[in-house]
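User: I should like to learn how to read a ligand site and the space around it. Please take me through the features in turn.

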Amino acid sequence: MIQIRDKHFEEFLTEKDIQAYIKTLAQKIDEDYKDQELLILGILNGSFLFVADLARFLTIDPEISFLKFASYEGTSSSGKVNDLIGLNEDLTGKHVLIVEDIVDSGTTLAHIMSLLKNKGVGSVKVATLFFKPEAYKQNIPLDYVGKEIPKLFVVGYGMDYQGKGRNLTGLYQLKA
Ligand code: 5GP
């Protein structure tokens, strides 16, 4: 068991488990994109370790870039605006793979997809290391899923609890 700030967590998946899931995903992506130029778009902050490890398992030669949500109070009717930072490159005709650490409700993913619309991309697919099917509220297909997990709060391997825990090599679940 480990403690992060005021909470206790217990190991849910080991580093070895996680690396095996990533290797399997990399093999599929290698095969699927062997004849196409791939642009990997990692969604920060949580995906930084996953993109780093996935990229090094790949034998194809992708472009790699990152996007980040800037959350700020805006003047729109909802009062809250989410913009993506980093979407500067020309995506016309590109084969884009969105890479997320974890898909929960799918709200983040739906937002990214809507922002990629009308950019003339050649194709868009989605890879996520972890997926909580019980929490998913979208019907956007997830093309590459490392591991389905129950509806738990997890930290580690890129994911945080109040900014900490991202550098843990395994995945930890909140202890009830
Ligand atoms: P969604 O928009 O799919 O509900 O949530 C996606 C984002 O919420 C993820 O990219 C991740 O940053 C965060 N998230 C979702 N579930 C968890 C979790 O169990 N632990 C942590 N630390 N972050 C999560």
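User: Which residues surround the ligand most closely?

Analyst: In this predicted model, the ligand is surrounded by 15 residues, and the closest are Ser105, Gly106, Thr108, Val154 and Asp160. By class, that shell holds six nonpolar, four polar and five charged residues.

User: Which elements supply the shell around the ligand?

Analyst: Both β6 and α3 supply at least two residues each. The largest share comes from β6, with four residues.

User: Which polar atoms lie beside oxygen atoms of the ligand?

Analyst: Such pairs are read as N or O atoms within 3.5 Å. A polar backbone atom of Gly106 is 2.7 Å from a ligand oxygen atom. For Glu100, a polar side-chain atom lies 3.1 Å from an oxygen atom of the ligand, and for Thr107 a backbone N or O atom lies at 3.4 Å from one. The ligand taken alone exposes 500 Å², of which the protein buries 79%.

User: How does one find empty space in a model, and what space does the ligand take here?

Analyst: Rolling a probe the size of a water molecule over the atoms reveals where empty space remains. Here, the ligand takes the space of the largest pocket. The volume of that pocket is about 460 Å³. Its lining comprises 23 residues, and Glu100, Asp101, Ile102, Thr108 and Met159 are the closest to the pocket centre. Two or more lining residues come from each of β3 (38-44), β4 (63-73), β6 (95-103) and α3 (107-116).

User: What is the lining of the largest pocket by class?

Analyst: The lining has nine nonpolar, seven polar and seven charged residues. β6 gives the most to this lining, with four residues.

Notes:
Residues numbered from 1 in each chain as written. Predicted model: local features only at pLDDT ≥ 70, side-chain atom pairs only at ≥ 80, totals over all residues. Heavy atoms only, no water. 1 Å grid on protein atoms, 1.4 Å probe; cavity = no way out; pocket = protein on both sides within 12 Å on 5 of 7 lines; lining within 4 Å. Points joined across faces, edges and corners; volume = space filled by probe spheres on them. Nonpolar A, V, L, I, M, F, W, Y, C, P; charged D, E, K, R; others polar. Near = heavy atom within 4 Å. Polar contact = N/O pair within 3.5 Å; in protein donor to acceptor, adjacent residues only side chain to side chain. Areas by Shrake-Rupley, 256 points an atom, 1.4 Å probe, with all protein chains shown as cover. Sits in = over half its atoms within 2 Å of the grid points.
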